[in-house]
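Here are some short exercises to work through with the model open beside you. Try each task before reading its solution.

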Amino acid sequence: MSYLLSASIAYRYAKSRKANQTSFVSFINRFSVAGIALGLMALIIVVSVMNGLEGQLKQRILGIVPHIEITSDAKSDIKETITKAHTSAKTNTKSNTKTPTLSENPVSETPTQNSSQVVKEAITETPMQPVADEGEIFDTSTPSLLDLINSYLSKTPMQEVLAVMAYRETEAVVQSRKDLRGVQLHGIQPLGMKQHTMVANNMEQGRFSDLESGSFRVIVGRALALKLDVRVGDRMRVMVAGASVYTPFGRMPSQRLVTVSGIFDMGSQMDDKVLYMNIDDVNRLVRDPKAKGESVRLFLNDAFNYLAIVNTLKAELGVRASHIKTWRERQGPLFDAVKMEKNMMMLMLLLIIAVAAFNIISALVMVVSEKQGDIAVLQTQGMTPKTIMLIFILNGLFNGVKGAGIGLILGCLVTSQLNNILELVNSPLALAADGSGLPIEMDISQIASITLFSMLLCIAASIYPAYKAMQIQPSQALQNE
């Protein structure tokens with residue numbers, strides 16, 4: 001009953017009445033509510049836009065850069081893990097086998113299966129079919145790194161891993177009739193790229209299926225095509241310095257004339273740095289026809305969840321950290337800068353909300369000063385100090401709910417119509433991948449946590465005035481009246 005009474009009195013103090021319209025206390029009360037609403041609205045808009053920009057960077061850049069790459073050197077690590085598991089299994093078998101005697105029937109106990117045996121079985125059994133071109137057959141008599149990774153995933157599937165693909169990356173120089181550029185040459189399997197990358201969805205001309213083995217065709221970014229002044233069907237020269245050969249004219253880099261078969265446009269800073277070619281053609285170009293230096297590329301559901309996969313590869317397969325490359329090694333500083341900028345913007349706007357919330361202190365302190373006589377009368381009628389304290393805490397909470405509710409509604413409404421508003425004031429911004437405007441991503445859990453934090457600030461700001469109201473002595477207050 002005391003809680004209902006406190007809530008009823010607090011609500012009467014919190015709502016505006018015509019008799020209080022001109023009072024300074026009412027003005028401060030409304031000002032604090034408006035400050036909370038405006039601050040929360042601004043925070044929702046800024047956070048949603050920053051989330052959208054981060055998502056665009058994630059799609060554009062991490063759609064090109066491999067999420068996780070396991071280098072060819074990891075094959076020796078996995079073989080060493082298999083050897084240890086095999087040795088451990090033999091040791092357990094010998095120790096768990098019981099020798100029969102004359103008085104006992106020969107009984108052989110079944111050896112226990114430990115984790116090393118599980119790793120061994122997961123790797124040595126028939127591997128599942130990896131991402132490859134249709135009709136391609138893998139020779140599993142001498143398993144490659146791709147076969148080993150696939151066979152492990154067939155027994156221990158990872159939800160975050162969408163697919164794996166044979167992959168090779170090397171630095172190269174590409175020369176056209178107009179210019180010369182350094183690029184990253186990516187040897188890929190066309191089917192894997194078509195199914196699991198954003199690049200395939202942003203092809204302006206051509207398609208990945210055109211990169212047939214032995215065709216020596218390439219797919220370039222639109223920015224690189226403009227710099228080299230090449231179009232689909234034009235020929236370029238690709239040179240790889242790491243695979244040089246000796247000729248009568250001296251040491252010459254391995255080189256090959258290639259044909260441009262496709263152009264993509266991701267709208268990222270990587271568009272002018274990447275050249276896609278069939279992995280078999282890349283192996284021939286770097287003079288490794290047996291593909292001993294091939295890596296394995298892992299496609300993840302969410303590139304930001306790479307760390308759990310890396311830890312699993314280290315713990316289960318014994319792959320060394322130096323043999324695993326992730327997107328953070330190349331693009332980590334960029335995403336860290338974006339995250340820091342988003343966090344600083346959130347902090348600044350939260351401080352604005354905090355300033356508005358702590359204006360409630362001024363309003364409630366004045367209410368306590370004005371209502372000392374009423375508080376004293378309530379105390380003489382039997383109301384406890386804790387109940388009086390609860391009245392003013394709930395008063396601050398009601399103001400917080402009012403401000404947060406208005407800010408939440410306005411913030412979501414303005415955010416959803418932000419691009420239309422920018423067009424209305426003749427200031428459109430085309431930053432989305434399709435050029436439609438600002439990329440906006442509203443995270444419901446994030447908005448809910450921000451709104452809850454704003455109300456908690458209002459409650460925290462109400463504690464001091466509520467404590468002062470609880471300390472009022474009825475005799476002194478009534479004597480002053």
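**Exercise 1. Take stock of the whole chain.**
Find how many helices and strands the protein has, and what share of its residues is buried.

*Solution.* Start with the secondary structure: this predicted model holds 15 helices and ten strands. Next, look at burial: of the 481 residues, 44% are buried. Finally, turn to contacts with a separation of 6 or more: 79% of them link residues 24 or more positions apart.

**Exercise 2. Work out the surroundings of strand β8.**
Decide whether the residues of β8 (residues 274–278) are buried or exposed, and identify which strands pair with β8.

*Solution.* Step one is to check each residue against the cut-off for burial, which is under 20% relative accessible area. Five of the five residues in β8 pass, so the strand is largely enclosed by the rest of the structure.

Step two is to split the strand into its two sides. Val274, Tyr276 and Asn278 lie on one side, Leu275 and Met277 lie on the other, and all are buried, which leaves both faces covered.

Step three is to look at the neighbouring strands. β3 (residues 180–188) pairs with β8 in the parallel sense over five bridges, and here Ile188 stands opposite Asn278. β5 (residues 217–221) pairs with β8 in the antiparallel sense over three bridges, with Val218 opposite Met277.

Met277 also gives a link to a helix. Pro190, found in α6 (residues 190–196), is 87 residues from Met277 along the chain, yet their C-alpha atoms are separated by 8.7 Å. Pro190 has 5% relative accessibility and therefore counts as buried.

**Exercise 3. Compare two partners of helix α14.**
Work out how α10 and α12 are oriented relative to α14 (residues 444–470).

*Solution.* Begin with α10 (residues 328–370), whose axis comes within 8 Å of that of α14 and crosses it at roughly 30°. Angles under 35 degrees count as roughly parallel, and therefore α10 and α14 are roughly parallel to each other. The crossing is right-handed. Residues making this contact include Leu350, Ile353, Phe358 and Ile361 of α10, with Ile450, Phe453, Leu457 and Ala461 among those of α14. By class, the contact has 19 nonpolar residues, three polar and no charged.

Now take α12 (residues 385–416). Its axis is 7 Å from that of α14, and the packing angle is about 150°. Angles over 145 degrees count as roughly antiparallel, so that is how α12 and α14 are described. This crossing, too, is right-handed. Among the contact residues are Ile388, Phe392, Gly396 and Gly400 in α12, and Ile447, Met455, Ile459 and Ile463 in α14. The class count here is 18 nonpolar, four polar and one charged.

To finish, search both contact lists for shared α14 residues: Cys458 and Ser462 are among those that appear in the contact with α10 and in the contact with α12.

**Exercise 4. Place a loop residue.**
Where is Thr71, and which residues does Thr71 touch beyond four places away in sequence?

*Solution.* First, locate Thr71 in the loop between β1 (68–70) and α3 (74–95). Next, assess its accessibility: at 11%, Thr71 counts as buried, because the cut-off is under 20%. Last, list the contacts: leaving out residues up to four places away in sequence, Thr71 touches Leu145, Ser295, His323 and Lys325.

Conventions:
Residues are numbered from 1 along each chain as its sequence is written. This is a predicted model: local features need pLDDT of at least 70, side-chain atom pairs count only at pLDDT 80 or more; totals for chains, interfaces and linings use all residues. Side-chain values use heavy atoms; hydrogens and water are left out. Axes are lines fitted to C-alpha atoms, for helices over the stretch in contact, and angles run from 0 to 180 degrees between N-to-C directions. Helices (H or I, at least four residues) and strands (E, at least two) are DSSP runs, numbered from the N terminus. Angles under 35 degrees count as roughly parallel, over 145 as roughly antiparallel, 65 to 115 as roughly perpendicular and the rest as oblique. A crossing is left-handed if the near helix is turned anticlockwise from the far one by less than a right angle, and right-handed if clockwise. Contact means heavy atoms within 4.5 Å. Ala, Val, Leu, Ile, Met, Phe, Trp, Tyr, Cys and Pro count as nonpolar, Asp, Glu, Lys and Arg as charged, and the others, Gly among them, as polar. Buried means under 20% relative accessible area, exposed over 50%, partly exposed in between (1.4 Å probe, protein chains only). Two strands pair if DSSP finds at least two bridges between them.
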